[in-house]
Amino acid sequence: MTTSKPTSDRKVALAFMAHPDDAEITCAGTLIRLARLGWTVHIATTTGGDCGALSGKPEDVARMRFDEGTAAAKLMGATFHCLNEPDGRLVYDRTSLQKSIDLFRQIAPTLVITMPMSDYHADHEVTGQLGRAASFVYAAPNASKLDLVDGSQVPHLYYCDGHGGEDRLGNPISPTTYVEVTEQMDLKTEMLACHASQREWLRSHNGIDNYLSAMRDYNLRRGSDIGVTAAESFVQHRGHGHPHHDLLSELFPTAQSQPATPKSLSETL
């Protein structure tokens, strides 16, 4: 069974992520392309990222990371939001779900990119669950006390790539959708660089010394899947009630080909 295309002409995209910098790592290139097509773009995080630092009080770290997220979003003309759930302790419960639904109710997205429900970080997985649930129910009149925005509907829903293209058990993820982001890589890198607090933290905790290069290298890898320089990849949610046609592929078509060795970004940008 296929779901018919929605009737609303709203062009509102929401990247519903777990932590500040998740959008910049996974889907900022696609968001930039959407913004250039005239879409209104929002970036939201479920947590404040208050555990993502080696020192500082939680509220101070969360405030610093909110400022970094806001600055990064501003570079591409997006709006940043945070639900301020505790970093590393995000749970799927009625409180976090209602906060998610209320955010969706205010934004009324017609395209949502959220996190994979199988990934190395539990916050990512719970965020994916919250994003899926809020996408499906936010337009129901009784789901929130907030007023419905005209054109509210069950949106296209995509899950971004897992870390390293793998699920929580190390199994490879098979994308349904690729978006070329070669021309967006410089701005995407500039956005990620706004999260300056993360370099020392990731080097100490995750063993990643240069996460800017790590992000770029991974986009090169996904680009090689389809014979382009750099790409982001997604898995589309096609459950009952959600649109089944691949909107991102329709907006940004690319001829998929056999894997090829990509050129360096310096040679193409």
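Author: Accessible areas come from the Shrake-Rupley method with a 1.4 Å probe. The model itself is predicted.

Reader: How much area does the protein chain expose?

Author: The protein chain exposes about 12,200 Å², and carbon and sulfur atoms supply 51% of that area. Buried residues make up 51% of its 269 residues.

Reader: And how many helices and strands are there in the chain?

Author: The protein chain has 10 helices and 7 strands.

Reader: Take α4. What length does it reach from its first C-alpha to its last?

Author: Helix α4 covers residues 94–107, which is 14 residues, and reaches 20 Å, close to the 20 Å expected at 1.5 Å a residue.

Reader: Which of the residues of α4 are buried?

Author: They are Ser-96, Leu-97, Ser-100, Ile-101, Leu-103, Phe-104, Arg-105 and Ile-107.

Reader: What do those buried residues pack against?

Author: Their partners are the strands β1 (12–17), β2 (40–47), β3 (79–85) and β4 (111–114), together with helix α5 (122–137).

Reader: What is found at the start of α4, and what just after it?

Author: At the start, a side-chain oxygen of Asp-93 comes to within 3.3 Å of the backbone nitrogen of Thr-95. Just after the helix, Ala-108 takes a positive phi of about 50°.

Reader: Turning to β2 and β3, how many bridges join them?

Author: There are 5 bridges between β2 and β3, and the two strands run parallel. One pair is His-42 with its bridge partner Thr-79 in β3.

Reader: Which helix joins β2 and β3 in a β-α-β unit?

Author: It is α3, residues 58–75, and the unit is right-handed.

Technical notes: Residues numbered from 1 in each chain as written. Predicted model: local features only at pLDDT ≥ 70, side-chain atom pairs only at ≥ 80, totals over all residues. Heavy atoms only, no water. Helix = DSSP H or I, 4+ residues; strand = E, 2+ residues; numbered from the N terminus. Expected span 1.5 Å × (residues − 1). Buried < 20%, exposed > 50% of the residue type's maximum accessible area, 1.4 Å probe, protein only. Contact = heavy atoms within 4.5 Å. Polar contact = N/O pair within 3.5 Å; in protein donor to acceptor, adjacent residues only side chain to side chain. Pairing = 2+ DSSP bridges. Right-handed = clockwise from strand over helix to strand, strands pointing away.
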